[in-house]
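I opened my notebook beside the viewer and jotted down what I looked up, one stop at a time. Come along if you like.

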Amino acid sequence: MSQDFGKTRWKRFGLVMVPGIAATAAIGVGLANNALAASFSVSGQKFKVSAQDLQGENFAQFGSFDVETNGTPHAVAISAFDSATIKGMCQSVVSEPALLGLKLPKVTLRLEAGNSDDVNKQVIAKNLLIDLDQLSADAEFTDINIGQDASTLKGSATSNWADIQGHGKPSGPLGFSQTAPKAHLTNVKQTAWATSAGTFKLNGLDLKLYVGDQGNGKECY
């Protein structure tokens, strides 16, 4: 372990963990004290995302808020990747629609893509941003820096986040973040409020809708 301007830098950081678990307490304090920037409006419904394998370049993670259109805030961890290649991606969401006051059967939407061992036929994303509140995975980071001031983050994904929000990067005394030039996650399971990307190439896209009990067991996990 070596020190870099008073911050911990681990040359290899590989273990079964929730990425960001070391940052949870500090990010939580920052959110509670409005020290981190607020994020964009969301529909108010979470969805599940899973992946067999994710290879990411220029990873960063920091705290923020997503806000529903009715003003309800949700604390989230923003995971940012300048680029990512994803094998076996799955996204699912369950809705219970209503029409003219009538409750309709639930609808389960399941989307799959990138189910190939050929890297050229997997999901490819640029400037990928994921607003999540739960994530589990087997994770390995290269040259990770935990505790970096979020206002000093570099990379196209974090710059894209600032553009989307219409203001600068998160900052302040509790602008806690972590960053790594490379991230490798396997067996990924997460719940998210929003996902955005500059480009999102879904090779082998397969989208299906299930109505009522047809959707039982059709979520990604």
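**Lys 182 and its partner.** I began with Lys 182, which has a relative accessible area of 41% and is therefore partly exposed. I am working from a predicted model, so I keep that in mind throughout. Which residue does Lys 182 meet in a salt bridge? I found Glu 57 there, with N to O at 3.1 Å between the two side chains. Glu 57 sits in strand 4 (residues 47-68) and Lys 182 in strand 11 (residues 176-196), so this pair ties together parts that are 125 residues apart in sequence. I then checked Glu 57 for exposure, and at 34% relative accessibility this residue also falls in the partly exposed class.

**Asp 117 and Lys 87.** My next stop was another salt bridge, where the side chains of Asp 117 and Lys 87 come to 2.5 Å, N to O. I traced Asp 117 to the loop between strand 9 (107-113) and strand 10 (123-149), while Lys 87 belongs to strand 5 (residues 73-87), so the bridge ties together parts that are 30 residues apart in sequence. Is Asp 117 buried or exposed? I noted a relative accessible area of 67%, which makes Asp 117 exposed. Lys 87 has 21% relative accessibility and counts as partly exposed. Buried means under 20%, so Lys 87 does not meet that cut-off.

**Lys 103 and Glu 96.** I looked at one more pair, in which Lys 103 forms a salt bridge with Glu 96 and the closest N and O atoms are 3.7 Å apart. Lys 103 is exposed at 67% relative accessibility, and Glu 96 is exposed as well, at 54%. How many salt bridges does the structure hold? I have six in my notes, the Lys 103 and Glu 96 pair being one of them.

**Back to strand 4.** I returned to this strand for Gln 61, which lies in it. Gln 61 is buried, with a relative accessible area of 3%. What does the side chain of Gln 61 make a polar contact with? I followed that side chain to the side chain of Ser 79, at 2.8 Å.

**Backbone check in strand 10.** I looked for positive phi values outside glycine and wrote down Asn 127, with phi near 55 degrees. Asn 127 is in strand 10 and counts as buried at 18% relative accessibility. I wrote down Asp 143 too: its phi is positive, about 55 degrees, although Asp 143 is not a glycine. Strand 10 holds Asp 143 as well, and with a relative accessible area of 26% this residue is partly exposed.

**Whole chain, last page.** I finished with the totals. The chain has two helices and 13 strands. Of its 221 residues, 44% are buried. What share of the contacts with a separation of 6 or more comes from residues 24 or more positions apart? I noted 83% for the chain. The accessible surface comes to about 10900 Å², and carbon and sulfur atoms account for 55% of that area.

Methods
Residues numbered from 1 in each chain as written. Predicted model: local features only at pLDDT ≥ 70, side-chain atom pairs only at ≥ 80, totals over all residues. Heavy atoms only, no water. Salt bridge = Lys/Arg side-chain N within 4 Å of Asp/Glu carboxyl O. Helix = DSSP H or I, 4+ residues; strand = E, 2+ residues; numbered from the N terminus. Buried < 20%, exposed > 50% of the residue type's maximum accessible area, 1.4 Å probe, protein only. Contact = heavy atoms within 4.5 Å. Areas by Shrake-Rupley, 256 points an atom, 1.4 Å probe, with all protein chains shown as cover. Polar contact = N/O pair within 3.5 Å; in protein donor to acceptor, adjacent residues only side chain to side chain.
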